Amino acid sequence: MIPTLLRRLGQTLFVLFGVSVLVFAVFFATPGADPTARIAGRNASPQIMEKVRREYGFDRALPVQYMTMMKKLFITRDLASYADRGELVVPQIEQAAPVTACLVCGAAFIWVSASIIMGTLAAAFRDTWVDRTLMLAGLVGISIPVFWLGQVTNLITQSRYHDTWLFSWVPGLGYVPFSEDPGGWFRALVIPWVVLAVMFIGIYSRVLRADLVALAGEDFMRTARAKGLSPTRVMLRHGLRTALVTFVSLFGLDFAQLVGGGALLTEVVFGLPGVGRLTYRALTNLDLPVIMATVMYSAIFVVVANAVVDMVYLLLDPRVRDAR
Amino acid sequence: MPADPMPLLDVRNLCVSVPANGGMIRLVENVSFCVDEAEIVGLVGESGSGKSVTAMALMGLIDSPGVQVRGSARFRGQELVGMAPRALRALRGRDIAMIFQDPMTAFTPVYTIGWQIDEQIRAHERLSRRAARARTVQLLAEMGVPDPARTAQRYPHQLSGGLRQRAMIAMALSCNPTLLIADEPTTALDVTVQAQILELLRGLRHSHGSSVLLITHDMGVVAQTCARTLVLYSGRMAESGPTATLFARPAHPYTAALLDSIPPLYGPRPHRLPAIAGLPPTPRERPAGCAFGPRCAHVHATCLPAPPALASIGPGQQAACVLPAEGTPLPPRATAQATQP
């Protein structure tokens with residue numbers, strides 16, 4: 001198993017290298033566009049243009065430019081955004097990442113637990129009103145756009161009913177770091193967590209139910225029943241445990257893209273200074289260094305998360321363990 | 001208990017129907033048979049003849065919506081049909097165990113073989129993990145699994161088909177069941193492994209005192225293994241009787257046709273192996289009279305109005321055919337001796 005893990009790690013590094021080359025190429029090696037002007041921002045003076053050109057080595061060969069860029073991103077970390085008066089990019093991302101991580105991890109916890117409960121219940125009570133109600137609720141969850149749901153909860157909890165006993169505990173929009181005030185951190189995030197989780201609860205519970213229903217026809221489920229196990233044990237220890245393999249692969253991808261900035265809409269709606277909102281701001285300002293850095297960051301996250309999913313796969317499915 | 005008058009399993013007029021198109025379709029109709037202590041009974045028929053459905057109904061394993069099981073199946077005097085799920089569950093795996101056709105897919109892929117056998121033992125008996133594992137290893141050894149302690153720690157996909165089927169049988173026997181239902185246990189295996197598994201099943205009578213209900217479509221397997229045989233056709237009983245009698249003097253044309261379709265081991269080879277023309281009817285399109293009528297060489301007017309009732313032919317032999325009663329029984333088979341063990 002150890003060699004497998006090492007090989008997977010090597011592959012991950014290789015993919016990361018490829019991604020960085022691609023991102024670099026898209027932003028700085030596109031023919032017909034001068035990267036200097038794009039980094040310097042709109043209406044830059046010729047002096048700044050000249051400074052940028054030398055700093056980034058745009059007058060030199062492409063590999064040198066690539067190395068300079070990677071050095072500025074990962075080693076000296078002094079990639080600066082000219083559109084934003086020279087603010088350093090990497091610290092901005094370092095500040096934004098924990099916010100996004102907190103938001104996504106909390107939401108992920110909610111959606112995984114809720115969808116496992118809903119999916120399993122629906123499969124156990126297949127074709128009864130329990131099943132139909134849960135799956136209808138899931139469909140409604142999938143259909144509600146997250147920004148709309150966010151705005152409506154804001155409307156209710158922040159203004160319309162904020163003064164009632166029900167929502168008076170809700171703090172204003174924004175983020176409170178965990179290290180400053182754990183209680184405030186929780187209160188600031190609990191509503192964004194639920195709002196972000198709603199759609200995923202819908203998707204995951206429906207996928208899990210479909211998986212469990214398909215598994216119910218499998219031979220090994222019949223064997224489990226023939227052994228005289230209780231229906232609960234058959235469903236949980238044999239059905240759910242086997243269905244988790246698909247569940248985990250789905251989860252890894254969604255989780256990675258959310259941490260990599262996919263929670264943009266939720267972050268913007270709730271005023272959370274996360275990676276998504278950083279990207280959003282950079283896009284509106286055409287702040288090229290920040291855009292590149294966030295793209296790079298999210299690509300790294302998706303690749304790393306995929307590697308983690310593969311490793312969890314090894315733990316979950318003995319067949320995969322032997323196949324490599 | 002040598003003088004036990006009551007058979008271990010006494011099935012009478014078992015019917016299984018499922019709803020379809022507003023009506024009920026009978027998958028199994030009025031099947032009756034007995035299994036005595038330490039006896040191997042064969043249940044033979046083509047695919048779709050209701051063999052597996054019969055077994056699943058006995059185990060209470062049919063869970064498709066709206067299914068109706070009627071009739072009676074007494075296991076040691078206890079009625080299985082309509083038994084409370086909890087009571088049936090306690091019986092399942094402990095007193096009646098089942099092994100399935102495809103050992104490739106019958107184990108849960110994410111647990112070790114040993115874990116799954118332990119699970120069954122611990123579901124029925126209060127035993128520590130360690131004690132359960134010790135019994136598991138011992139069972140695997142009894143089933144002829146090499147290096148049982150290590151095999152117990154392996155996952156299903158790491159074992160060959162034959163080993164998996166041995167592990168399956170070990171799991172079925174883990175709580176010393178009095179009745180083992182084996183649903184096509186050798187169909188997915190190659191011939192040499194098949195012979196070993198059948199040998200194992202035959203040995204169970206002596207080693208564990210278990211009765212076996214062997215479901216198969218293979219007349220050769222029946223001849224080698226079963227004391228008595230029940231032939232099903234389209235969910236109905238065609239014929240039943242002691243295997244030797246059945247093979248020597250089949251009373252139902254279907255049984256005779258099945259036997260004719262086995263290539264003879266001795267004597268001249270037929271130019272073309274006789275096959276039964278046509279396909280068995282689906283339960284939905286069963287003809288009004290004898291279900292085998294449309295494919296039968298001896299079909300005539302008396303077969304058509306209603307399905308012939310089971311009639312006693314000789315000692316222990318019954319057939320659902322009008323021919324013996326009309327005084328024109330099928331001739332005894334010349335090659336019968338050749339196919340017997």
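## From the interface to the helix packing

B:Glu119 forms a salt bridge with A:Lys227, and the closest N and O atoms of this pair lie 2.8 Å apart. The model is a predicted one, and this pair is a convenient place from which to start reading it. Across the interface of chain A and chain B, the rule finds two salt bridges, whereas the structure holds 21 salt bridges over all chains.

The interface itself can be described by its area and by its residues. The size of an interface is often given as the accessible area lost when the parts come together. Here chain A and chain B bury about 2,300 Å² between them, with 55% of it on carbon and sulfur atoms. In chain A, the residues that lose the most area to chain B are A:Arg222, A:Arg225 and A:Lys227, which together account for 27% of what that side buries. A:Lys227 is thus named twice, once for the area it loses and once as the partner of B:Glu119. Counted by residues, the contact takes 21 from chain A and 28 from chain B.

Within chain A, another salt bridge joins the side chains of A:Glu94 and A:Arg77, at 2.3 Å from N to O. This pair links distant parts of the chain, for A:Glu94 sits in helix α5 (residues 89–124) of chain A, while A:Arg77 lies in the loop between α4 (62–75) and β1 (80–81) of chain A, 17 residues apart.

Chain A also offers a helix pair to follow. Helix α6 (residues 129–143) of chain A packs with helix α8 (residues 182–216) of chain A at an angle of about 135 degrees, their axes being 7 Å apart, and α6(A) and α8(A) are therefore oblique to each other. Their crossing is left-handed. On the α6(A) side the residues in contact include A:Met135, A:Gly138 and A:Leu139, and among those they meet in α8(A) are A:Val198, A:Gly202 and A:Arg206. By class, this contact of α6(A) with α8(A) has six nonpolar, four polar and three charged residues.

In chain B, helix α3 (residues 113–124) and helix α6 (residues 161–172) pack at an angle of about 20 degrees, with their axes 9 Å apart. Since angles under 35 degrees count as roughly parallel, α3(B) is therefore roughly parallel to α6(B). The crossing of α3(B) and α6(B) is right-handed. B:Ile113, B:Gln116, B:Ile117 and B:Gln120 in α3(B) meet B:Ala167, B:Ala170, B:Met171 and B:Ala172 in α6(B), and the contact comprises six nonpolar, two polar and no charged residues.

Key:
Residues numbered from 1 in each chain as written. Chains lettered and ligands numbered in written order. Predicted model: local features only at pLDDT ≥ 70, side-chain atom pairs only at ≥ 80, totals over all residues. Heavy atoms only, no water. Axes fitted to C-alpha atoms, helices over the stretch in contact; angles between N-to-C directions. Helix = DSSP H or I, 4+ residues; strand = E, 2+ residues; numbered from the N terminus. Parallel < 35°, antiparallel > 145°, perpendicular 65-115°, else oblique. Left-handed = near helix turned anticlockwise from the far one by under 90°. Contact = heavy atoms within 4.5 Å. Nonpolar A, V, L, I, M, F, W, Y, C, P; charged D, E, K, R; others polar. Buried area = accessible area lost by both parts, 1.4 Å probe. Salt bridge = Lys/Arg side-chain N within 4 Å of Asp/Glu carboxyl O.
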